[in-house]
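Here's a quick briefing to read with the model open beside you. Have a look first, then work through the points below.

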Amino acid sequence: MAHVPDDVEPRDLDKVARGELKTLSKENADWVAKHLVMAGRLIEEEPEEAHKHALSAGRRAGRIGVVRETIAITAYTVGDYALTLRELRTYRRITGRDDQLPLMVDSERGLGRPERALELGRSVDVSTLAPSVRVSLAIAMSGARLDLGQPDAALGELEIPQLDRRRAFEYSPALFDAYATVLEDLGRDRDAEEWRTLAERADAALEAHHGDDDRETVEVVEEELELDESWGAEDESVSLEEPAADDVAETDGALAADEEPAAVEEPAAVEEPAAVEDPAAVEEPAAVEDPAADEQPVPADEPAGDDEPVGNDEPVTDQEPEHRG
C-alpha cells in the first residue's frame with residue numbers, strides 16, 4: 001500500500017473533489033482524499049508512486065467519478081493505455097461527461113489503433129464540448145492521422161475556430177505547436193517556424209498575464225494577439241499589441257472581451273480589424289472594439305446512469321464533478 005506522509009490532510013484536496021466523497025463515511029472519505037492528494041503531488045516526478053496512490057483510493061471508492069478519473073490519468077502517465085481506457089469508460093458512465101475523450105483517443109493511439117481512435121473521436125458532437133476539450137481532441141485526432149501517414153488530413157483536424165492567431169487562450173500554445181509540427185511534416189518549414197514563434201509568444205503572454213507582474217504586452221510581428229484568460233462566463237482579456245506604436249496606450253483597454261460590440265454608426269466600424277497595419281499611418285486610432293464575440297460553449301455535464309458497483313463504497317450522488325485531469 002502506498003505510504004501517506006503525516007503532514008497530508010484531507011482538506012488539501014480541492015473542494016469540488018472533496019464534495020464527491022461525501023457519499024462515503026467520514027473516515028473512508030478522509031482516507032481516500034489523502035491518497036488523491038498524494039497522486040496529484042507525485043504525478044509529475046514520480047508517476048509510478050502516484051498511480052499506486054490512485055489505485056489505493058480506488059479500492060475504497062470505486063464508484064466515485066474523480067477516483068476513476070485519477071486512476072485513468074495516472075495509468076496514462078505510466079503507459080498503461082488499456083487501463084486508462086477501461087477507467088475512463090467507467091468514468092463516463094458514472095458522470096455522463098466527455099471531458100476526457102481526448103485522453104481516450106490518445107490511449108487508442110497508444111495501443112496502436114489509430115483507426116479506432118478516429119472513430120471514437122467522431123462519436124461525439126464537438127459542439128457539446130468546452131473549447132479546451134475541443135482543442136485537445138483536435139490534437140489527438142491529428143496525431144492519429146499522422147499515425148496513418150495522412151499529414152494533409154492531420155493539418156485539417158487542427159484547422160478549427162480555436163486556431164486563431166489573433167488571440168491566445170490557455171490551450172493556444174499547444175494548438176499552435178501541434179500545427180507547426182504538422183506543417184514541418186509537410187515540408188512547409190517557413191510556415192512551421194511562424195506558428196512555432198506564435199506558440200512561444202502566446203505562452204509568454206499567458207505567463208505574464210498570470211504572473212502578477214506589470215507586463216501586459218509582448219512584441220508581435222504583423223498581427224496583434226488578444227489574450228483571453230478563458231472562454232468562461234467572464235471572458236477577461238488583455239490586449240497584446242506592438243509596444244513601439246504611439247497609439248497602443250489608447251487601445252490597451254479597448255478590446256476587453258466583456259464589452260459588447262459598439263452600435264454600428266459608420267460602415268468602417270463593422271469590419272473586424274485586419275492583421276495590424278502600419279500603426280504609423282493612423283493619426284487618431286479609433287477605439288475599435290473587437291466585434292468577434294468569444295464563443296462560450298457549455299460542456300455537457302449532466303450525469304448519466306450509475307456505473308456498475310465497484311468496491312465497498314456507498315452509491316455515487318447526483319453531484320456533478322468538475323474535471324481535474
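Which residues form one aromatic cluster with Phe176? They are Tyr179 and Trp195. Keep in mind that this is a predicted model. Besides that cluster, there are two separate nonpolar cores to look at, plus a couple of arginines sitting over tryptophan rings.

**Nonpolar cores**

- The largest nonpolar core has 23 residues, and the members that touch the most others are Leu13, Leu21, Val32, Leu36 and Val67.
- Three helices give two or more residues to this core: α2 (26–42), α3 (47–60) and α4 (65–77).
- The top contributor is α2, with seven residues.
- Take Val32 as a way in: leaving aside residues up to four places away in sequence, Val32 touches Leu21, Leu24, Ala57, Arg60, Ala61 and Val67.
- There's also a second, separate core of 21 residues, with Leu155, Leu183, Ala192 and Ala202 among them.
- As general background, nonpolar side chains in soluble globular proteins tend to be buried together.

**Aromatic pairs**

- The structure has four aromatic pairs.
- In one of them, the ring centres of Tyr76 and Tyr81 are 5.6 Å apart and the planes sit at 65°, so this pair counts as edge-to-face.
- Both tyrosines are partly exposed, Tyr76 at 25% relative accessibility and Tyr81 at 26%.
- Phe176 and Trp195 make another edge-to-face pair, at 5.2 Å centre to centre with 65° between the planes.
- That pair ties together distant parts of the chain, since Phe176 is in helix α10 (residues 172–185) and Trp195 is in helix α11 (residues 189–210), 19 residues apart.
- Phe176 is buried, with a relative accessible area of 0%, and Trp195 counts as buried too, at 10%.

**Arginines worth a click**

- Arg60, one of the residues that Val32 touches, lies over the face of Trp31, 3.8 Å from the ring centre.
- Arg165 does a similar job of placing itself over a ring: Arg165 lies over the face of Trp195, at 5.4 Å from the ring centre.
- Trp195 therefore turns up twice here, once in the pair with Phe176 and once under Arg165.
- Arg134 is in helix α8 (residues 131–147).
- Is Arg134 buried or exposed? Arg134 counts as buried because its relative accessibility is 14%, and the cut-off for buried is under 20%.
- A polar atom of the Arg134 side chain lies 3.0 Å from the backbone oxygen of Leu129.

How values were computed: Residues numbered from 1 in each chain as written. Predicted model: local features only at pLDDT ≥ 70, side-chain atom pairs only at ≥ 80, totals over all residues. Heavy atoms only, no water. Helix = DSSP H or I, 4+ residues; strand = E, 2+ residues; numbered from the N terminus. Buried < 20%, exposed > 50% of the residue type's maximum accessible area, 1.4 Å probe, protein only. Polar contact = N/O pair within 3.5 Å; in protein donor to acceptor, adjacent residues only side chain to side chain. Core = buried A, V, L, I, M, F, W, Y, C linked by side-chain atoms within 4.5 Å. Contact = heavy atoms within 4.5 Å. Phe/Tyr/Trp six-rings, centres within 6.5 Å; stacked < 30°, edge-to-face > 60°. Lys NZ or Arg CZ within 6 Å of the ring centre and 35° of its normal.
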